[in-house]
Amino acid sequence: MSKHAMSLLPRWCSRIFSVELNGAPFYFAVKEKHLGEDVPRVFREVQNRDKCYSVLVYCSRDRIKTAKFYGELKDKLLRDLPPECRLSPMSSFLPNVRDSLVKGYFLKGNSDTSSPIERLLSDLIQHDPVLVCSYSPAEDGQQWTQHMWSETASQVMDVAKGYYVVPSEAPEYHPSALNIINSDVFYSFDEAYDVMKKCGDIIPEAKAVLELLPSRVEARNKPDFPVIVIEGLDATGKTTLTESLKDTLGATLLPSPPECLSPWRARFDQEPPLIRRAFYALGNYITADQIGREGMKTPVIVDRFWHSTAAYAIATAVSGPVCNLPGEGSEVYCWPSDLFQPSLVVLLTLDPEERKRRLRNRGQGKTDEEEELDHNQLFRLRVEEAYRRISGPACVTVDASPSADRVLQQVLLLIRGKCHL
């Protein structure tokens, strides 16, 4: 076992383990003694012939490489594991302790697939920064034991005769909620820039992105004209509204992410969250530079901005129901201090069924996030709530169900009242 993995052991029995099933986290812990606790929910539906394993990716000093390896490991497992094997996201963490999160995957197979699974996992621990555990039930199925694997042999290494697996209550804070800042959501240009710069040696496109960034030597003056951001899920009428506002106000319309990043979006969408989110965070600073220039000549309408970047990232990082999100007033909802603040942010909302109907009528292909919004109600609710909780500036909600003209008139009233146009 490597020294990095060994560093997790002193507080191993203080850790909580989370397995994500159907978009919600299920928790368990381990103890050296069993006091008659129930079987954790994760294991209750495991059949007698099923076998379970966990693969945790321990963090190295280079978080870029750790993030890349974590994403590549999923691809490898999906490619090389037997089709019958079920793979779920997993994590291990110290409750309410920042930067203690270790991510990984939970595997469930059966006796027919256990041999190829164990061969693959045995090979992993020989070469890769992973900690592998297997889980075995007692004969009566009322008690499960966790065993760590050695990195020098394929057999299971018995540590303190194994740890008993016991139920655990949900922690006060969702584990990912303590690891969002400058990882899933970026709150300064420098933090996002640092990630992209370190990607230069492994992702050639990162260098092209860096060349597009505005100079940070001299901050641009505040625009003379108001800047209005229109936010909302797809099919809520953003495009129609932003085009109408542009014509009505004689404004400049800017998309976010900026068009100059379009050639590389597909490339960075394939990267793990740390890298992908840094890419989109830098897009906000490019947009802010464009706002500064255009806002000296005309009002500016922006189709999405930092609210979207943050809301989707927070909702993706934190699984389960809305109550798992960081509480209102949390620092994760605070606008970056070095990013331009618009004059007004309008959030278009729409009944979910009406939004789906509009999407069908558009007949366009959906992004992965849109697919997730349609199939995972909890994800949609988390996105909508994250939008509402962001402050500095907060969103002003507008019902997008009336006609496009009525929505336009309502937004124009807001703009005239707030921006005096």
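Q: Where do R388 and E385 lie, and how many residues apart are they?
A: In this predicted model, both R388 and E385 sit in helix α13, residues 377–389. They are three residues apart, which is about one turn of the helix. Their side chains meet in a salt bridge, with N to O at 4.0 Å.

Q: How do I read burial for these two, R388 and E385: buried or partly exposed?
A: Burial is a matter of cut-offs: a residue under 20% relative accessible area is buried, one over 50% is exposed, and the range in between is partly exposed. E385 has 17% relative accessibility, so E385 counts as buried. R388, at 42%, counts as partly exposed.

Q: Which residues do salt bridges with shared partners join into one network?
A: One charged side chain can appear in several pairs, and here such shared partners join K68, E205, R267 and E271 into one network. Within that group, the side chains of R267 and E271 meet at 2.3 Å, N to O. E271 is buried, at 5% relative accessible area, while R267 is partly exposed, at 23%.

Q: How many salt bridges does a search of the whole structure find?
A: The search finds 16. One of them pairs D234 with R304, whose closest N and O atoms are 3.3 Å apart. This pair links distant parts of the chain, 70 residues apart. D234 is in the loop between β10 (227–232) and α7 (238–249), and R304 is in the loop between β12 (300–303) and α10 (306–317). Both D234 and R304 are buried.

Q: What is the phi of R304?
A: When you read backbone angles, look at the sign of phi and at the residue type. Phi of R304 is near 70 degrees, a positive value in a residue other than glycine. R304 has a relative accessible area of 17%, so the label for R304 is buried.
A second case is N182, with phi near 55 degrees, again positive in a residue other than glycine. N182 lies in the loop between β9 (163–167) and α5 (189–198), and at 15% relative accessibility N182 counts as buried.

Q: Which residues are joined to P257 and P393 by a cis peptide bond?
A: For a peptide bond, the angle to read is omega. A cis peptide bond joins S256 and P257, with omega about 5 degrees. P257 is found in the loop between β11 (252–255) and α8 (262–269). Another cis bond joins G392 and P393, where omega is about 10 degrees. P393 takes us back to our starting helix, as P393 is in the loop between α13 and β14 (396–399).

Q: Let's zoom out. Into which domains is the protein chain divided?
A: The chain has domain 1, residues 3–178, and domain 2, residues 181–419. Taken over C-alpha atoms, their centres are separated by 35 Å. Twelve residues from domain 1 and 23 residues from domain 2 take part in the contact.

Q: What area is buried between domain 1 and domain 2?
A: Buried area tells you how much accessible surface two parts lose on being put together, summed over both. Here the area is about 1,400 Å², and carbon and sulfur atoms give 59% of it. On the domain 1 side, R63, I64 and K68 lose the most area, together 40% of what that side buries.

Q: How many salt bridges and polar contacts are there between domain 1 and domain 2?
A: Two salt bridges are counted between the domains, and six residue pairs are in polar contact across the interface. On the domain 1 side, β2 (24–31) and α3 (63–80) each supply at least two residues. The largest share, four residues, comes from α3. By type, that side divides into five nonpolar, three polar and four charged residues.
Among the salt bridges of this model, E331 pairs with R98, and their closest N and O atoms are 2.8 Å apart.

Q: One last residue: is Q146 buried or exposed?
A: Here you can combine accessibility with contacts. Q146 lies in strand β7, residues 144–149. The relative accessible area of Q146 is 1%, so Q146 is buried. Leaving out residues up to four places away in sequence, Q146 touches W12, F17, V30, C133, S134, Y135, G162, Y163 and V165. With Y135 there is also a polar contact, side chain to side chain, at 3.1 Å.

Notes:
Residues numbered from 1 in each chain as written. Predicted model: local features only at pLDDT ≥ 70, side-chain atom pairs only at ≥ 80, totals over all residues. Heavy atoms only, no water. Domains from an automatic or database assignment. Contact = heavy atoms within 4.5 Å. Buried area = accessible area lost by both parts, 1.4 Å probe. Polar contact = N/O pair within 3.5 Å; in protein donor to acceptor, adjacent residues only side chain to side chain. Nonpolar A, V, L, I, M, F, W, Y, C, P; charged D, E, K, R; others polar. Buried < 20%, exposed > 50% of the residue type's maximum accessible area, 1.4 Å probe, protein only.
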